[in-house]
Amino acid sequence: MKLRLDKYLADMGCGTRSEVKAEIRRGSVTVDGIKAKGSEQKIDTDTDTVCFKGQTVGYVAMEYYMMNKPAGVVSATEDNRDKTVIDLIEDKKRKDLFPVGRLDKDTEGLLLITNDGELAHRLLAPKKHVGKVYYAKIDGIVTEDDVKAFKAGLHVDDTLEAKPANLKILKVDTAQHTSEIELEIYEGKFHQVKRMFEAVDKKVTYLKRLSMGTLQLDQTLKTGQYRTLTADELEELKTYG
Ligand code: URA
């Protein structure tokens, strides 16, 4: 890929476009060992070696991370109050990463983080009906009637008619009056899982996403940990989405 030197450096987080332009003028940037000619100099990302203040800057066009999101962190790129999922990725190369879809602040589990807008768009497009599986702990006894109601599609409130969803009861504790479930939904409305359970008079007390389309949460990732997607995971997701 060929691109302007200032874009190359800004994409790789060396500074804003104007900051890197100033550094290029100052002579802090070399291309293949020779002082850069100017901000507009075309760089071949496959063959040229760019050094910024003496450090080699490798170019990465796309990044894909799987995170086991911890509670207490927001699914956003920036936030004035809270830490974001992007802040947690310490070794990122790109500065234009974003989470694909949102999990609530108190929800844990699978989050895809990338700068691939095309893939994100396909995974989030309502028409694609990409399945998302959640594990939840519920305050209340989840019954076969709830399974049927979820399967039929649920009237949640004036703003949400939930599409048919697959509810699986994993465990019921009659003494504690609690349940554990897995729920697969094919849409992603605001607080959807919590609102679906509220509609059947129950409360989600813990929520974790386990999968999105073909992408399964790596069970070896502790909450707050992340890793890059494997080539197979990426290939499957791209062909599925
Ligand atoms: N449904 C919710 O209620 N919260 C989430 O974070 C995800 C799905």
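A polar contact is a pair of N or O atoms within 3.5 Å; within protein, one must be able to donate a hydrogen and the other to accept it, and residues adjacent in sequence count only if both atoms are side-chain atoms. Keep in mind that this model is predicted, so local features need pLDDT of at least 70 and side-chain atom pairs count only at pLDDT 80 or more, while totals for chains, interfaces and linings use all residues. Residues are numbered from 1 along each chain as its sequence is written, and side-chain values use heavy atoms, leaving out hydrogens and water.

**Exercise 1.** Find which polar atoms of Asp104, Thr107 and Gln192 lie close enough to the ligand to make polar contacts.

*Solution.*
- Step 1: start with Asp104, where a backbone N or O atom lies 2.7 Å from a ligand oxygen.
- Step 2: go to Thr107, whose side chain has an N or O atom 2.9 Å from an oxygen atom of the ligand.
- Step 3: finish at Gln192, where a polar backbone atom is 3.4 Å from a ligand oxygen.

**Exercise 2.** Work out how many aromatic pairs there are, and what the pair of Tyr65 and Tyr226 ties together.

*Solution.*
- Step 1: apply the rule that rings of Phe, Tyr and Trp (its six-membered ring) pair if their centres lie within 6.5 Å, with planes under 30 degrees apart stacked, over 60 edge-to-face and the rest tilted.
- Step 2: the count is four aromatic pairs.
- Step 3: Tyr65 and Tyr226 pair edge-to-face, at 5.7 Å between centres and 85 degrees between planes.
- Step 4: Tyr65 belongs to strand 7 (residues 64-69) and Tyr226 to strand 17 (residues 226-228), so this pair ties together parts 161 residues apart in sequence. Strands here are DSSP runs (E, at least two residues), numbered from the N terminus.

Notes: Helices (H or I, at least four residues) and strands (E, at least two) are DSSP runs, numbered from the N terminus.
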